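Colleague: I have a model open and would like to go through it with you before I head back to the bench. Could you start with whatever term I need for the charged pairs?

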Amino acid sequence: PMHWLALALVVETAVFTLAGFTWMRSRGYTLAEGGGGAILSLFMALSMLHQFCRWLGSPWPAIILESATMVGLLYLGSRRRCRMGLYGDLKAMAPLLRQETFGGGILAIAWMAMAALVMAATLSPSPQAPLVIPPWEGPMVGRSSLNIQALFYHTGRFGLDPGACGFGLLAHMAVGASTYALARRHAWPPLALTVTLMVVSMPRLVFLGLRPTAELISTAAICFSLVLLYRLVEQHRPADLLLFLLATLFSIHAAPMSFALVFILLLLLVVVMVRRHGWIVWREMLGGKALWILPALVPILALAQLPVLLLDLAQGRPLLGGANGVVDNGLLGGCVNLVRYLLVSIDLTEPVRRAFLWLAGLDLGGLLTGIHAISVGRLAVDLPGSAVFLPVFSGGGQMGFGPWVPLLVLPAMVHAFLRGPRRLKALGVAWGGYLYLAALTVAWRPDNLGILTPLYAASGFVVAFSLPPHRLRRRGMRLLQALSALILAGALLVQP
């Protein structure tokens with residue numbers, strides 16, 4: 001019976017996502033923007049709904065509302081007009097699929113393989129599940145949960161594993177769709193698809209895509225927020241501004257830097273909009289829209305975790321479950337940690353490390369450890385709360401970000417900051433500030449890789465700017481796509 005219940009939730013999730021995609025397409029979003037937006041809109045809606053039910057102390061309001069919405073969507077879907085709209089969207093994808101069969105096929109096969117692994121894990125759950133959400137037991141009035149934690153009650157209320165609906169896979173797909181939408185601003189479809197494959201093949205993203213984690217869902221929200229930032233600069237629609245605020249606030253979770261990233265993105269939006277359109281753009285978007293602003297405050301305050309903060313303060317608990325637990329390493333400690341973050345980003349994967357060791361007798365892990373010892377080793381000894389630095393090679397334990405980050409993403413970020421348009425330069429400053437703030441305030445730990453996940457996932461599209469067609473011919477794109485497929489396949493085969 002639990003398997004049938006899990007299947008029903010999967011069907012419900014698919015219908016809701018498809019309905020969101022159709023609605024966003026009707027509002028002028030591109031196919032990639034609509035795909036990423038539909039997934040994030042579903043996440044946010046379910047999160048707010050379950051947060052509300054948690055406060056009421058009963059799952060029944062969500063069950064009733066979901067059932068009514070499902071019936072309404074199935075009725076609307078039976079109408080010819082809706083079917084023709086969806087058929088038109090699928091038809092619009094046909095030219096790209098015919099032109100890029102190889103890259104598109106890799107992406108489709110990868111997501112189908114990940115879906116099969118998620119389904120297998122749901123049907124035969126591991127006794128050591130990465131996340132366990134208790135079922136609804138007893139009164140829960142006045143209890144609170146963070147945005148993404150509340151999302152996992154969608155399955156937890158029935159006693160199911162949080163991965164039963166494939167939220168991790170959906171977040172992985174949202175990252176891919178958002179990356180393609182951003183890359184298309186700087187490149188033609190073939191290169192944009194190549195860059196998308198490079199991002200979704202990052203071993204850590206593949207690892208997170210097979211399990212429901214706040215890290216990847218938050219990263220998907222950040223990626224889509226950047227899509228909305230671009231749309232606001234191009235069109236400055238109030239609806240995009242509301243969605244940007246909701247998606248950015250939804251990314252808050254129990255991690256030290258999630259709050260900081262929200263403020264950085266809000267500041268980035270203000271700077272980019274004012275430099276492009278001046279302060280008058282805010283009057284155009286918000287002026288005379290009091291009836292629109294007041295109802296919008298309800299979801300904004302909910303996703304800003306205001307109820308959770310007030311409840312934690314009233315009950316004397318750590319704010320947001322201790323998400324603000326950071327330390328002051330000082331300027332010297334910030335520089336030391338910054339070097340560590342750059343070194344740990346050099347992940348050539350475990351097979352490459354072994355190949356170097358076998359062919360040339362060179363241990364890449366020892367090389368990185370030696371570089372760390374020479375550059376900052378003595379200074380790092382005196383840092384409070386710091387752990388030992390260990391390089392990361394995907395497939396040999398902890399999953400890193402793969403070879404594309406040191407080889408292409410980081411150089412592309414530097415190139416875009418020096419030679420790119422204003423928007424990319426502002427984005428580079430924002431991400432640089434985020435990384436240094438993390439190095440300055442968070443003590444080094446081997447599991448600090450989660451801090452880098454939004455940075456590299458949301459910046460991967462910059463490679464599309466640094467690799468224009470005259471620098472990367474079609475044969476080169478095919479080579480990058482094939483290598484990305486190998487990295488992705490390797491990440492699926494060596495899951496720790």
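Modeller: A salt bridge here is a side-chain nitrogen of Lys or Arg lying within 4 Å of a carboxyl oxygen of Asp or Glu. With that in hand, E33, R185, R231, E234 and D240 are linked in a network of salt bridges. Please keep in mind throughout that this is a predicted model.

Colleague: Which partner does R231 have, and how far apart are the closest N and O atoms?

Modeller: R231 forms a salt bridge with D240, and the closest N and O atoms of the two are 3.2 Å apart.

Colleague: Are R231 and D240 buried or exposed?

Modeller: R231 counts as buried because its relative accessibility is 2%, and D240 is buried as well, with a relative accessible area of 1%.

Colleague: How many salt bridges does the count come to?

Modeller: The count comes to nine salt bridges. One of them joins the side chains of E215 and R204, with 2.8 Å from N to O. That pair links distant parts of the chain, since E215 sits in helix α11 and R204 in helix α10, 11 residues apart.

Colleague: What else is R204 in contact with?

Modeller: Leaving aside neighbours within four places in sequence, the contacts of R204 are E215, Q398, M399, G400, F401, L449, G450 and T453. R204 belongs to helix α10, which covers residues 203-209, and it counts as buried because its relative accessibility is 8%. Its partner E215 also counts as buried, at 17% relative accessibility.

Colleague: And where do D363 and R353 lie?

Modeller: The side chains of D363 and R353 meet in a salt bridge, at 3.2 Å from N to O. D363 lies in the loop between α18 and α19 (364-380) while R353 lies in helix α18, so the pair ties together parts that are 10 residues apart in sequence. As for burial, D363 counts as partly exposed at 33% relative accessibility, whereas R353 is buried with a relative accessible area of 17%.

Colleague: Switching to cysteines, how many disulfides does the count come to?

Modeller: The count comes to zero disulfides. Two cysteines can still be described by their surroundings: C223 counts as buried at 1% relative accessibility, while C335 counts as partly exposed at 41%.

Colleague: Let me step back to the overall fold. How many helices and strands are there?

Modeller: The secondary structure comes to 24 helices and zero strands. Of the 496 residues in the protein, 51% are buried. Among contacts with a separation of 6 or more, 80% are between residues 24 or more positions apart. The protein exposes about 22600 Å², and carbon and sulfur atoms supply 71% of that area.

Colleague: Where is confidence lowest and where is it highest?

Modeller: By helix, confidence is lowest in α4 (residues 80-99), where the mean is 68, and highest in α8 (residues 167-183), at 96. Across the protein the average pLDDT is 84, and 86% of the residues score at least 70. Over residues 127-144 the pLDDT stays under 50, although the model does have 43 contacts beyond four places in sequence for that stretch.

Colleague: Back to the surface, then. Which residues form the nonpolar patch?

Modeller: The nonpolar patch on the surface is formed by L294, L297, L301, L306 and L310, which together have about 450 Å² of accessible area. The elements giving two or more residues to the patch are α15 (290-303) and α16 (306-315), and α15 supplies the largest share, three residues. L297, to take one of the leucines, is placed in helix α15 and counts as partly exposed because its relative accessibility is 37%.

Colleague: Last topic, backbone angles. Which value is phi of H236 near?

Modeller: Most residues other than glycine have a negative phi. Phi of H236, however, is near 40°, a positive value. H236 lies in the loop between α11 (214-235) and α12 (238-250), and at 24% relative accessibility it counts as partly exposed.

Colleague: And what about phi of T349?

Modeller: Phi of T349 is also positive, near 75°, and this residue is found in the loop between α17 (330-344) and α18 (350-360). T349 is buried, with a relative accessible area of 12%.

Definitions and conventions:
Residues numbered from 1 in each chain as written. Heavy atoms only, no water. Patch = residues over 30% accessible without salt bridge, like charges linked within 9 Å, V, L, I, M, F, W, Y side chains within 5 Å. Areas by Shrake-Rupley, 256 points an atom, 1.4 Å probe, with all protein chains shown as cover. Helix = DSSP H or I, 4+ residues; strand = E, 2+ residues; numbered from the N terminus. Buried < 20%, exposed > 50% of the residue type's maximum accessible area, 1.4 Å probe, protein only. pLDDT = per-residue confidence, 0-100. Contact = heavy atoms within 4.5 Å. Disulfide = S-S within 2.5 Å.
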